[in-house]
Amino acid sequence: MFNNSLFKLKKVVLATSLLAVTGAANAGYTVKLDDGDTITFGGYIKADVRSISGDVSSPVTNDDYWIGHAAVVDDISTTKFSANETRFNTKYVHGDVTGFIELDFYGGGGNQIVSNSSHPRLRHAFIKYKNILVGQTWTTFMNTSALAEAANFGGALNASAFIRQGQVRYTMGGLQLSLENPHSDKGDSSQDSIPDFIAKYTFKGDWGNVSVSGLARQLNTVGGNSETAIGGGIAGRIKTFGKDDFRFQVHGGETGRYVGVVAARDLVGEEVEETTSYMVAYRHFWTEEMRSTVFYGSTDADVANTKRNHVAVNLFKNFTKQLSFGVEVGNFEMNEVSKDSNYLQFSAKYVL
């Protein structure tokens, strides 16, 4: 139906502007429909084997990966096989308009008795026209390049800005402004009517990038009060020696649900939570095909008086450009109760 000039299949790297939005630096297959239209299919297949031992579990994620929330258990010892991080995305470009959608399989479901049919989950779904983006994607508050490379999904999520949500975003050079979906975590979210406001400026160069971000929100408590929450952060990835890089995130103030993946909540009773979070990671390339990252993240919540720490080191090796294998060992700690667990994870990843 298409002649050779209209139908060309080739392997490409997704556009830099799209990677900045999605944080998914994966190759894709692009079909050129005509001079102005293309459709790209991308993603990866990832298989994990994960063992946990200690006194802390992650029930929200079914122990598939660590987030900021954890629960004390008595001497947990588990081993799980999983492929739920596997994801698939499609990008359609028509002139100045880009549409993007991505799914993975952390949507729940599945069992070990019948067919283990895990449900797909919407990650991204947005439309971008010139400088305007509308839809669901990473919050403007976060710098995706500052996430550590890790076998554990997202690395030290207990201390990282990490939310995808509906928004309207304007970009002009390094400046980004957005109105995003409000939600009073542990408050009365049914009364949320004022969107969260976020501003971020990113400095870029041959040396890497650093972003400075701030947010302002109105939170509604269960007691019927409205409280203002203001927080900020600085994050980035800086090139060091050879292909090595240093990644960091520092956030403070009333960041609540935006940082730490429920390491802290927006509200504790009628009070707005105050947090301090930091994450550091160093990635070293041993050879062109082999690399390691060591990372550490910590979040302190003042009102709830909790502290969550995550430290790990890993080793990844590419056997082809698309295929890599890795191993990671680490520790997750609930400092406020002096409980922790160790984990060992093996991963295989094939980038489409």
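Student: Let's start with one residue: in which loop is alanine 263 found?

Tutor: Happy to look at that with you, and keep in mind that this is a predicted model. Two strands frame the residue, E14 (245–253) and E15 (267–268). Alanine 263 is found in the loop between strand E14 and strand E15.

Student: Is alanine 263 buried or exposed?

Tutor: Buried means under 20% relative accessible area. Alanine 263 has a relative accessible area of 6%, so this residue counts as buried.

Student: Which residues is alanine 263 in contact with, leaving aside its neighbours within four places in sequence?

Tutor: Contact here means heavy atoms within 4.5 Å. With those sequence neighbours left aside, the partners of alanine 263 are Gly68, His69, Asn158, Thr299 and Thr306.

Student: What separates the C-alpha atoms of alanine 263 and alanine 159?

Tutor: Along the chain, these two alanines are 104 residues apart. In space, their C-alpha atoms are separated by 7.7 Å.

Student: Zooming out, how many helices and strands does the protein have, and why is it called as compact as a globular protein of its length?

Tutor: Good pairing! The protein has one helix and 21 strands. For 352 residues the globule rule gives 20 Å, and the protein is as compact as a globular protein of that length because its radius of gyration is close to that, at 21 Å.

Student: What share of contacts between residues at least 6 apart in sequence join residues at least 24 apart?

Tutor: Take the contacts in the protein between residues at least 6 apart in sequence as the pool. The share of these that join residues at least 24 apart is 56%.

Key:
Residues numbered from 1 in each chain as written. Predicted model: local features only at pLDDT ≥ 70, side-chain atom pairs only at ≥ 80, totals over all residues. Heavy atoms only, no water. Helix = DSSP H or I, 4+ residues; strand = E, 2+ residues; numbered from the N terminus. Rg over C-alpha atoms; globule rule 2.2 N^0.38 Å. Buried < 20%, exposed > 50% of the residue type's maximum accessible area, 1.4 Å probe, protein only.
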